[in-house]
Amino acid sequence: MTIFRSHVLICGGTGCTSSGAAEVIGSFKQELARRKLDGEVLVVPTGCHGMCEMGPIVVVYPEGTFYCKVTANDVPEIVEEHIYKGRPVQRLMYEGSGDMPALPHYKDIPFYGKQHRIALANCGYINPENIDEYIARGGYEALGKAITSMTPAQVIDEVKTSGLRGRGGGGFPTGLKWSFCAAAGGEKKYVICNADEGDPGAFMDRSILEGDPHSVIEGMMLGAYAMGADEGYIYCRAEYPLAIERLKQAITAAEGYGLLGDSIMNSSFSFHLHIKEGAGAFVCGEETALMGSIEGRRGMPRPRPPFPANSGLWGYPTNINNVETWANVPQIISNGGEWYASMGTEKSKGTKVFALTGKVKHTGLVEVPMGITLREIVFDIGGGILNDKKFKAVQIGGPSGGCLTEEHLDTPVSYESLTALGAIMGSGGLVVMDEDNCMVDVAKFFLEFTQKESCGKCVPCREGTKHMLLLLEKITEGKGTMEDLDTLEELAHMVRDMSLCGLGQTAPNPVLTTLRYFREEYIAHIRDKRCPAGACTALLRYTILQDVCKKCGICAKNCPVHCIPGDRNSGYRIETDKCIRCGTCFEKCPFGAIEKK
Amino acid sequence: MAFSVEEIREKTRKITEPWRERNGGLIPILQAVQAQLGYLPQEALETISRELKIPPSEIYGVATFYAQFHLKPRGRHVVRVCRGTACHVRGSLKILEKVKNLIGVGENETTEDLRFTIEPVACLGACGLAPVMMVDTQTFGRLVPDMVKGILDKFE
Ligand SMILES: Cc1cc2nc3c(=O)[nH]c(=O)nc-3n(C[C@H](O)[C@H](O)[C@H](O)COP(=O)(O)O)c2cc1C
Ligand code: SF4
Ligand code: SF4
Ligand code: FES
Ligand code: FES
């Protein structure tokens, strides 16, 4: 094996790839070859580092220098200065805020300071397409340990001790679930990995699959060994082509090493793994719908019991877990359940990955110990609100979740605490909103989503969400009445209590929490016909502030419907009845003379 | 990329072949047919029905249930505008409107010259770069409405 004096890790995740990472990788290879350094310096494409917004990300080892927003044009300078002369390039380092100097290292950056990476341990450190790098970081050790020195029951006990709970939304204790499936009779059993990741705004499963596919495969094998399954499926959304490709490659590599297939490590344990591509339906993330989809039917939920542990895929006992859940398992088996349980709160153990997005300075994937406060996530890790606007709310748990406010920022994050507030942990989407986001509009946005994705099997969900959406549309158009609020609330309770599956049961959450915490905003839309955030187009009114206006005429030139008559002497005026409220004038006016109210 | 009825039947038969004696083939078959033909023509659905002995109604039910399947031909370039949460709160509606305006058709519609199909999607998994859109396989992030025209112009 060649020893390289230096490694250049370049993020090849989806975010960085769309910011030009492929060109950066190409440029590094070319530049190193040109200087005959390619025998000493190895270029490693990695998975996501979580800081996609600052991408493409490049980390140079052994120093661990962290460069962001690197373009192909910057590469010759990095090679010349850093790699050749040993002088790191200041201007490409992450900039500290205020008068802090540029921060050269990973661990100094506040975004990473409070993180604790278990599920994401390898993401960004290894080349996901090279199984040797996974093995070099302790990969497949847990599997070896289990097969050679643990009984299946001991593996389940270890997972029980860890306190690990399902990361796909429900938070059901994983060890307990495994024990149900292990206890089910029969020769044939399946394990499934749920990689449907339906929450629009969460991408942790994608990053794990793209950045560290073997951790999920090893987790599934440990589960299969513990429960007595010999076959598994990974159900991955088709919108994630790179994840699917990496998985296929990883499976082939593991088979090549005899880690997957018949008589693994010369034991009597055999395991075969397949990939199924999803076909674009949110409800297929629900476990019974997902199995229906694997079987080739329409993905519609069915009532439980029977639970999958007794009658799942094609009627056989089946255990289904989320990507992040599986990815935690190998480390629990390697380091012991006690180790994992030492992190987190009393009932929510370990760490959770959140996708921090919306109006925060630093968006990205963060893995933090349970029990951390929302304030720490949004302000310490996320750096606070974009453009120093005012924090308004944070939406947790996607379309099934809820909106929390300023007063909840100091709540320690756990399954119980979030549920108590009317939100849910969900998959871990955290969308931050500022004063420009309208809460009624946000509730409407989520309902549009759930209404569209309702599979239509049961009436409360299919019809109830539709009527709730109609009411919200009415309100955002300024046509709502106070009675509508009561009807909305009543419908929300009905849909929540009477729907068959989790989609319908949780769809009202965004409406209920915004009604609970932002009621005055609904009332402003109804009584004053006004959207305080200035987001609901139908309620907006654009006017020119005559004392600020410099009569430049730029608004008039840009208005698509020509409704700003006037000239450079007498000034300009908006004809409100013709205005389509497109906002162009507001954006184009160089003097901020247009008011939106 | 137009195929004759015979070609459609032939290609579909080839794809269906390995699944005739196995379970769970319908969705992978539809995915493979669409990957080859660009959409799911009626003749293809009929062929699958005959080969697998599944009633056409069931196949049609599955094909219309999933957002991924298309029963009509699509444009040479598919413009996917993300309408996920992260993109929504960062102004993706304005991007979608700009795209519709410039291309001149609505959501899930195709231009007559088959140049573009517009498809709003829920999250492209690049939320850190919101708002995001994808043309074919290329992702464009950190968008403002004024960038849209320049991007679309690159795709003939
Ligand atoms: C409408 C709906 C959508 C869901 N989507 C997902 C999903 O995208 N990914 C996921 O892992 N679980 C999803 N779930 C939860 C699954 O039904 C199931 O509880 C989970 O995969 C179990 O794994 P866990 O115990 O590891 O969380 C969804 C549930 C519902 C009701
Ligand atoms: S609650 Fe909604 S998504 Fe779930 S089964 Fe009923 S109609 Fe389908
Ligand atoms: S909002 Fe749009 S339509 Fe209305 S005046 Fe301004 S530019 Fe014209
Ligand atoms: S994709 Fe590169 S940091 Fe996330
Ligand atoms: S919400 Fe747009 S990419 Fe995720």
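**Exercise 1. The loop before β10 of chain A**

Task: Determine where Pro305(A) lies, and state which kind of peptide bond joins Arg304(A) and Pro305(A).

Solution. Step 1: Pro305(A) belongs to the loop that runs between α12 (287-294) and β10 of chain A. The model examined here is a predicted one. Step 2: The bond between Arg304(A) and Pro305(A) is a cis peptide bond, and its omega is about -5°. Step 3: The peptide bond from Pro305(A) to Pro306(A) is also to be inspected; it is cis, with omega near 0°. Step 4: Pro306(A) is likewise placed in the loop between α12 and β10 of chain A. Step 5: For context, most peptide bonds are trans.

**Exercise 2. A backbone angle in the loop**

Task: Describe the phi angle of Trp314(A), and locate Trp314(A) in chain A.

Solution. Step 1: Trp314(A) has a phi of about 50°, which is positive, although Trp314(A) is not a glycine. Step 2: As a general rule, most residues other than glycine have a negative phi. Step 3: Trp314(A) is found in the loop between α12 and β10 of chain A.

**Exercise 3. The surroundings of ligand 1**

Task: State how many residues surround ligand 1, and identify the element that gives the most to the shell.

Solution. Step 1: Ligand 1 is surrounded by 18 residues, of which the closest are Gly168(A), Asn194(A), Asn321(A), Asn322(A) and Thr325(A). Step 2: Two elements of chain A, β10 (318-322) and α20 (502-506), each supply at least two residues of this shell. Step 3: The greatest contribution comes from β10(A), with three residues. Step 4: Sorted by class, the shell around ligand 1 holds three nonpolar, nine polar and six charged residues.

**Exercise 4. Polar contacts and burial of ligand 1**

Task: List distances between oxygen atoms of ligand 1 and polar atoms of Arg167(A), Asn321(A) and Asn322(A); then state how much of the ligand the protein buries.

Solution. Step 1: For Arg167(A), the polar atom belongs to the backbone, and an oxygen atom of ligand 1 is 3.4 Å from it. Step 2: For Asn321(A), a polar side-chain atom lies 2.8 Å from an oxygen atom of ligand 1. Step 3: For Asn322(A), an N or O atom in the side chain is 2.8 Å from an oxygen atom of the ligand. Step 4: Ligand 1 exposes 610 Å² when taken alone, and the protein buries 87% of that area.

**Exercise 5. The pocket that holds ligand 1**

Task: Characterise the pocket whose space is taken by ligand 1.

Solution. Step 1: Ligand 1 takes the space of the second largest pocket. Step 2: The volume of this pocket is about 1400 Å³. Step 3: Its lining comprises 48 residues, and those closest to the centre are Gly168(A), Gly169(A), Gly170(A), Gly285(A) and Glu287(A). Step 4: Several elements of chain A each supply at least two lining residues, among them α8 (174-183), α9 (204-211) and α13 (323-335). Step 5: The largest share of the lining, five residues, comes from β10(A). Step 6: By class, the lining has 15 nonpolar, 21 polar and twelve charged residues.

**Exercise 6. Ligands 2 and 3**

Task: Name the residues closest to ligand 2 and to ligand 3, and give the classes in each shell.

Solution. Step 1: Around ligand 2 there are 13 residues; the closest are Cys455(A), Lys457(A), Cys458(A), Cys461(A) and Cys501(A). Step 2: This shell divides into eight nonpolar, four polar and one charged residue. Step 3: Around ligand 3 there are 14 residues, and Cys559(A), Cys579(A), Cys582(A), Gly583(A) and Cys585(A) come nearest. Step 4: The shell around ligand 3 has eleven nonpolar, two polar and one charged residue.

Note on methods. Residues numbered from 1 in each chain as written. Chains lettered and ligands numbered in written order. Predicted model: local features only at pLDDT ≥ 70, side-chain atom pairs only at ≥ 80, totals over all residues. Heavy atoms only, no water. Near = heavy atom within 4 Å. Polar contact = N/O pair within 3.5 Å; in protein donor to acceptor, adjacent residues only side chain to side chain. Areas by Shrake-Rupley, 256 points an atom, 1.4 Å probe, with all protein chains shown as cover. 1 Å grid on protein atoms, 1.4 Å probe; cavity = no way out; pocket = protein on both sides within 12 Å on 5 of 7 lines; lining within 4 Å. Sits in = over half its atoms within 2 Å of the grid points. Helix = DSSP H or I, 4+ residues; strand = E, 2+ residues; numbered from the N terminus. Nonpolar A, V, L, I, M, F, W, Y, C, P; charged D, E, K, R; others polar. Points joined across faces, edges and corners; volume = space filled by probe spheres on them.
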